[in-house]
Amino acid sequence: MASNIVVSSPAASSVSPNLPPEKEEEKERSVCIIAVVDPSGVSKYNWYAFDVSDDPNHNQPRPSVLDLTLPPALSPYYRKIPSYLLPFHEDDDYASVNLEPIATSDLDGWARKFRGVTGWAVLGPTTTKQPATLYRLCADGNVTSIEDPGTSVQRIKLSNGGGGVSGRSGEWESVAKTPSPVKDPSCLVLRGKLYCLGGFTFSTKDPEGRMAPWPWAMAYDPGVGKWEPLPDPLCRPKDRDCPTFTAALDCGQWGPGIVVAWNGLLQIYHVNARSWGIQPFDCDHVFSRRRNARPKNEGGGRAVAVENMLYWYVVKEQCLVGYDLVTENWFRGHLPMHNHHDYILWDDHSPPSLAHLGRDGVDYEFCLSWVSQLPPGPKMEKEACISRLHCLKVCVFITNKIIRKTGIFHLEVSIITCQSYLVDGIKTFRGAMLV
């Protein structure tokens, strides 16, 4: 394995120390899905929340029609899959809305100051009695203003009910702006802090009159209400370039840390040491999009770190991919989506969101979230369509079997159930998080 190159560690910051990782069994978990309604070009964000449970009213098992021989992942014949993976859910043709948003962007209430939501994240509660908090980053009119750098940030508290997030309590309120302006940032949550990656590289004067570059990475500590600029990666991504994927690493020999894959490199920010490590990372055989291009829904988006493994989902190839940070071995398993014809054809959606639910013996459980549209009924206007929020729960077993002629180890992936809800209007997916 390539050795890490470590930069010098700056002085300790004034923000509060990192919180210890929470025990999964001490809190309920909910999936928070975001979708944007954009048929008229107006960015209006809606957040929906539901418990990831075995509720029989919203969980459907894998239908028998899917028990057929499928082409192997990464084969050219895989493009034909969507035509016969439909339908999955029994109410695809005659359903009605059964979920309302817990919060909306409502940017008109901010005097049209902002151009739209550019990033978001949910900070979970430190105890089961405290509410989670939803943060949104809003692009200002002048993204790269030298006089007033940074991106506006607001938050709203989400209320608890029925063991999970049930709505909002209060209204949006402003908090400290980011130290650097961002556009399409990667927002991650790690040990009670919000991490924002993707700052511009302009410079401004520090209190002593010296020119200082704006930070690319920054962390917000809600305990002190301040953003902390973090050291730049050893190879800083260029402005408006998006990383191939990012991940929050909470455990294993690498954690706590932030993982950034970009331009053939894997860089890890070690939170406690406040320093970056770097190593070569060849993932061109996994991600087919052009390097440095804005990620579309065939890209990786946000990866999931579990122990020393990274996982992410590749839409175009319909497979779950894993990478071991220690052994540098690759893993891949077949995982078909369903009800996703518009998802495959459009590039407006963000990549499906993968999240780790927990461990059951030697098996790992994940959920994959995305949005699809129900076919319009007779004489139904397009604006009256209904969209479905999907949460596909799967079980993953890591094998020592190598896929023939690839050198990649096989992941055994089995579908448990798919939890789904129906919402009003045409929705475009903008990510999901577990809290």
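Which side chains does a polar contact of 2.7 Å join? I will come back to that after the surroundings. A caution to begin with: this is a predicted model.

The overall numbers, briefly. The protein chain has 435 residues, and 52% of them count as buried. In secondary structure, the chain holds 1 helix and 28 strands. Take the contacts between residues at least 6 apart in sequence: 61% of these join residues at least 24 apart. The exposed area of the chain is about 19800 Å², with carbon and sulfur atoms supplying 51% of it.

Now to one sheet. This is an open sheet of 4 strands, in the order S9-S10-S13-S14, and the pairing is antiparallel. Strand S9, residues 182-190, and strand S14, residues 226-229, stand at the edges; each has a single partner strand, so one side of each is left without a neighbour in the sheet. From one strand to the next, the twist averages 25 degrees. As a reminder, strands of a sheet pair through backbone hydrogen bonds, either parallel or antiparallel.

Let me go through two of the pairings, starting at the S9 edge. S9 and S10 run antiparallel and are joined by 6 bridges. In this pairing, Cys 187 stands opposite Cys 196 in S10. The two strands form a hairpin with 2 residues between them. Arg 191 sits in that turn and has a positive phi of about 50 degrees.

Next is S10 with S13. Strand S10 covers residues 193-199 and strand S13 covers residues 217-221; they run antiparallel, with 4 bridges between them. Here Leu 194 stands opposite Tyr 220 in S13.

That brings me to Arg 236. Where is this residue placed? Arg 236 lies in the loop between S14 and strand S15, the latter being residues 245-249. Is Arg 236 buried or exposed? The relative accessible area of Arg 236 is 17%, and the cut-off for buried is under 20%, so Arg 236 is buried.

What does the side chain of Arg 236 reach at 3.1 Å? The partner is the backbone oxygen of Gly 199. Gly 199 belongs to the S10 range, residues 193-199, so to speak of this arginine is also to speak of the sheet. And the opening question: the 2.7 Å polar contact joins the side chains of Arg 236 and Asp 232.

To close, the contacts of the Arg 236 side chain described here are with the backbone oxygen of Gly 199 and with the side chain of Asp 232.

Terms used:
Residues are numbered from 1 along each chain as its sequence is written. This is a predicted model: local features need pLDDT of at least 70, side-chain atom pairs count only at pLDDT 80 or more; totals for chains, interfaces and linings use all residues. Side-chain values use heavy atoms; hydrogens and water are left out. Two strands pair if DSSP finds at least two bridges between them. Axes are lines fitted to C-alpha atoms, for helices over the stretch in contact, and angles run from 0 to 180 degrees between N-to-C directions. Buried means under 20% relative accessible area, exposed over 50%, partly exposed in between (1.4 Å probe, protein chains only). Contact means heavy atoms within 4.5 Å. Accessible areas come from the Shrake-Rupley method with a 1.4 Å probe; for residues, only the protein chains shown count as cover. A polar contact is a pair of N or O atoms within 3.5 Å; within protein, one must be able to donate a hydrogen and the other to accept it, and residues adjacent in sequence count only if both atoms are side-chain atoms.
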